[in-house]
Amino acid sequence: MFMEGKKLKDVSEVKQTQEGVKIDIVEDVDPSKVEQIVENCKAGRCECMSDEMKAKVSFMDFKKENGKLSIEIKGDLTEEDIKASMEKSKVIVK
């Protein structure tokens, strides 16, 4: 059976936090692929965020707690900013 690949936006929920945004991954995915996305973003090697948005990010981290994956992003960002960026991401995580 062939499964179409899913991208980060297809398997996650974005929530506004006091310090920025948290992305909770709600389906089983390859953690190494998610971590790679985060590392590329932290290094400025991703195409999904504009330079203006990258400048707003003060902190980004990939977390694995109790078998759950999440991405924490701190900075002057909204849930909509992150959802728009995730629309541009082409990495298949599942």
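The following exchange examines how the terms applied to this predicted model are justified.

Me: How is the sheet arranged, and what makes two of its strands edge strands?

Reply: The sheet is open and has four strands in the order β1-β2-β4-β3, with antiparallel pairing. β1 (12-16) and β3 (57-65) each have a single partner strand, so one side of each lacks a neighbour in the sheet, and they stand at the edges. Neighbouring strands of this sheet are turned by 15 degrees against each other on average, direction ignored.

Me: How do you know that β2 and β4 count as paired?

Reply: Pairing requires at least two bridges between the strands. Six bridges join β2 (residues 20-25) to β4 (residues 68-75), so the two strands satisfy that requirement, and they run antiparallel. Among the partners, Ile 25 is matched with Leu 69 in β4, and Asp 24 is matched with Ser 70 in β4.

Me: What makes β1 and β2 a pair?

Reply: These strands share five bridges in the antiparallel sense, and the requirement is at least two, so they pair. A hairpin of three residues joins β1 to β2. Ser 12 stands opposite Ile 25 in β2.

Me: Why is β2 described as largely enclosed?

Reply: Five of the six residues of β2 are buried, so the rest of the structure largely encloses this strand.

Me: Which helices lie against the sheet, and which strands do they meet?

Reply: Helix α1 (residues 31-42) lies across β2, β3 and β4, and runs at about 165 degrees to β3. Helix α3 (residues 79-88) packs on the sheet and touches β1, β2 and β4. The direction of α3 makes about 155 degrees with that of β1.

Me: Which residues have the most contacts inside the largest nonpolar core, and which elements contribute to that core?

Reply: The largest nonpolar core has 24 residues, and those with the most contacts inside it are Ile 25, Val 34, Ile 71 and Ile 82. The elements that give two or more residues to this core are β2, α1, β3, β4 and α3. The largest share, four residues, comes from α1. In soluble globular proteins, nonpolar side chains tend to be buried together.

Me: What does Ile 82 touch?

Reply: Leaving aside residues up to four places away in sequence, Ile 82 touches Val 14, Val 21, Ile 23, Met 49, Ile 73 and Leu 77.

Me: Why is Ser 85 called buried, whereas Gly 67 is called exposed?

Reply: A residue is buried under 20% relative accessible area and exposed over 50%. Ser 85 has 5%, so it falls under the lower limit and is buried. Gly 67 has 72%, so it lies over the upper limit and is exposed. Ser 85 is found in helix α3, while Gly 67 is found in the loop between β3 and β4. Ser 85 touches Cys 48, Met 49 and Met 53, not counting residues up to four places away in sequence. The C-alpha atoms of Gly 67 and Leu 77, which are ten residues apart along the chain, are separated by 27 Å.

Me: Why is the contact between Asp 24 and Lys 15 called a salt bridge?

Reply: The limit is 4 Å between a side-chain nitrogen of Lys or Arg and a carboxyl oxygen of Asp or Glu. The closest N and O atoms of Asp 24 and Lys 15 are 2.5 Å apart, so this pair qualifies. Asp 24 has 16% relative accessibility, which is under 20%, so this residue is buried. Lys 15, at 38%, is between the two limits and is therefore partly exposed. Glu 13, Lys 15, Lys 22 and Asp 24 are linked in a network of salt bridges.

Me: What makes the pair Lys 74 and Glu 72 a salt bridge, and how is each residue classed?

Reply: Their N to O distance is 3.7 Å, which is within 4 Å, so the side chains meet in a salt bridge. Glu 72 is buried at 17%, whereas Lys 74 is partly exposed at 23%.

Me: How many salt bridges does the structure hold, and how do you know that Asp 10 and Lys 9 form one?

Reply: The structure holds eleven salt bridges. The closest N and O atoms of Asp 10 and Lys 9 are 3.3 Å apart, which is within 4 Å, so this pair also qualifies. Asp 10 is partly exposed at 35%, and Lys 9 is partly exposed at 31%.

How values were computed:
Residues numbered from 1 in each chain as written. Predicted model: local features only at pLDDT ≥ 70, side-chain atom pairs only at ≥ 80, totals over all residues. Heavy atoms only, no water. Axes fitted to C-alpha atoms, helices over the stretch in contact; angles between N-to-C directions. Contact = heavy atoms within 4.5 Å. Core = buried A, V, L, I, M, F, W, Y, C linked by side-chain atoms within 4.5 Å. Buried < 20%, exposed > 50% of the residue type's maximum accessible area, 1.4 Å probe, protein only.
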